[in-house]
Amino acid sequence: MTTTTLPADADGVLKLAAQSMFDTLAQAAMGMMVVDRQHRIVWISEGYKRFLPGLGHEEGDFVGRLVEEVVPNTLMAHVIETGQPMLVDLLTNQAGTFLVSRMPLRDADGGVIGALGLVLLDHPETTMQPLMTKFSRLQRELDDARQQLAAQRRPKYTIASFIGSSPVAMETKRQARRVAQTDSTVLLLGETGTGKELLAHAIHAASTRASRAFVGVNIAAVPDTLLEAEFFGVAPGAYTGADRKGRDGKFKLADGGTLFLDEIGDMPVALQSKLLRVLQEQEIEPLGSNKVERVDVRIIAATSRDLPAMVAAGSFRADLYYRLNVLPIRLPALRERLPDLEALVEALADDIARRSGLPHKGLSPDALELLSRQAWPGNIRELRNVLEQATLMTDDTVLTAAHFSSLVDGVPQLSPPPLPAAAAPRAPVADAAAATAAIKPLPQAIAELEQRAIREALEATGGNKLAASRLLGISRATLYEKLGSS
Ligand SMILES: Nc1ncnc2c1ncn2[C@@H]1O[C@H](COP(=O)(O)OP(=O)(O)OP(=O)(O)O)[C@@H](O)[C@H]1O
């Protein structure tokens, strides 16, 4: 019996190992091929030839053909160019999916002279089920994440999202498109809920800054003492504690993009001069720093307040007003564009259905007629709230006037057109007596009227006290006081 021992020298061991590994691979693999430096097939195993009909090739001699012509999607050329092996990879082409391995072949000096390709498994989707399931799940998750990222990067609103084709709505959109072409400051004026924020987003999305940041600050929602830091940022070490590291302000965050200053009429007078300086110089000085930083920011400001009246009363700086009022756009109230009501209801109902997961609910003609008689002091936001409440209150898929009557009870109505004098009914004498009996002492009548106005404002704003106080033209503190006394 002859026993073969391993060679004693390292070279001999390596040669034997290489030879033996090659034989093992050649037996274990389902197919094997060798290509030269120019990607031409030098040798192809019998096993590999079995896959060729699946690739659309007749039996024949493939030696001398370019590998990429014979095997679509192969990366043999890449291995030759980089000299890097691909120990495990999935190759997919019309013959199926294969688990493959590719290794460079080197000469004695280490130069790449070709490559070896192995088909380790065909149909790995059956033989490697768990791995393939995981692979396809990860691939699906990657596709979803890519889609979500693309959706997030898409602007939230475009000018077309501003629903309405009435002449006033069309004029608003025309002005928005025009100002989007410029880089000047825009001032959006309109009652609460008319779509100022939506239009600010849309102008940004239609401008050359669309790919950069859109940053919003609601001035009324930030306590006066924090506004300066919110706008201009805080230098590192300016304060002890949480802000020790420093913090970028909204101007810095919006650099290159658009800064939306919502409720600009609520800006404290003390800060107005600082804001004016930044708008003029395009330079900010973070709190606690003595260095100025240049910023390139496009301003869109908005308010529901009467700025010229505030200027006249001394609560808004005239110079800041002129600086902001470069391109003013007035957003019409909903009651000024009632022909848009149906289209708005349609779009809002769609959005409510999408967000709530409930079926889309249509409106009957009598419901639309009822809604078009309301004065809508809270405008589209108030319309949306009423639609949302009606949608949630019933399983019916068509909302009728009956579904809305209790919801709009208390919302002020548009006054009907005055009757011609001749047709005006005369009050009968008995009605006059009843009217006299109904008269209340003036303080009681005023108190009742006040409570009713507060109730309506809260309903109009969906219970938002800050917005309600603004609708009523009083401070939030006064509103709380009056609520407490009711
Ligand atoms: N033309 C419109 N088309 C569709 N939806 C609109 C339109 N205008 C406003 N909306 C919707 O109404 C709601 C209120 O709009 P937005 O917040 O833009 O109003 P606003 O004028 O900024 O209000 P406020 O002054 O109270 O901040 C949002 O849900 C918005 O999507």
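This section describes the fold, the strand pairings, the ligand shell and two unusual backbone conformations of a predicted model.

The protein contains 21 helices and 14 strands. Of its 486 residues, 27% are buried. Among contacts with a separation of 6 or more, 65% are accounted for by residues 24 or more positions apart.

Antiparallel pairing is seen around strand β5, which spans residues 112–122. Strand β1, comprising residues 31–36, pairs with β5 in the antiparallel sense over six bridges. Within this pairing, D36 has G114 of β5 as its bridge partner. Strand β5 is also joined to strand β4 (residues 96–106), again in an antiparallel arrangement, through nine bridges. Here R106 stands opposite V112 in β5. Strands β4 and β5 form a hairpin in which five residues lie between the two strands. The turn of this hairpin includes G110, whose phi is positive, at about 90°.

A second arrangement is an open sheet of five strands with parallel pairing, ordered β7-β8-β11-β6-β12. Its edges are occupied by β7 (214–218) and β12 (327–330); each has a single partner strand, so one side of each is left without a neighbour in the sheet. On average, and with direction ignored, neighbouring strands of this sheet are turned by 20° against each other. The pairing of β6 (residues 186–189) with β11 (residues 298–303) is parallel and consists of four bridges. In this pair, V186 stands opposite I300 in β11. Helix α7, formed by residues 167–180, lies across β6 and β12 and runs at about 155° to β12.

The ligand is surrounded by 19 residues, of which the closest are I163, T192, G195, K196 and E197. The elements that give two or more residues to this shell are the helices α8 (196–206), α14 (341–356) and α16 (379–393). By residue class, the shell around the ligand divides into seven nonpolar, seven polar and five charged residues. At least three residues of the shell are drawn from each of domain 2 (159–235 + 248–330) and domain 3 (337–408).

Two residues with positive phi were also examined. Most residues other than glycine have a negative phi. Q282, which is not a glycine, nevertheless has a positive phi of about 55°. This residue is placed in the loop between α11 (269–281) and β9 (283–284). Because 13 other C-beta atoms lie within 10 Å of its own, a number between the limits of 12 or fewer for exposed and 20 or more for buried residues, Q282 is classed as partly exposed.

W376 likewise is a residue other than glycine with a positive phi, near 45°. The loop that holds W376 lies between α15 (365–371) and α16, and α16 is among the elements that give two or more residues to the shell around the ligand. W376 has 25 C-beta neighbours inside 10 Å and therefore counts as buried. Of these two positive-phi residues, Q282 is thus partly exposed, whereas W376 is buried.

Definitions and conventions: Residues numbered from 1 in each chain as written. Predicted model: local features only at pLDDT ≥ 70, side-chain atom pairs only at ≥ 80, totals over all residues. Pairing = 2+ DSSP bridges. Contact = placed C-beta atoms within 7 Å. Near = placed C-beta within 6 Å. Nonpolar A, V, L, I, M, F, W, Y, C, P; charged D, E, K, R; others polar. Domains from an automatic or database assignment. Axes fitted to C-alpha atoms, helices over the stretch in contact; angles between N-to-C directions.
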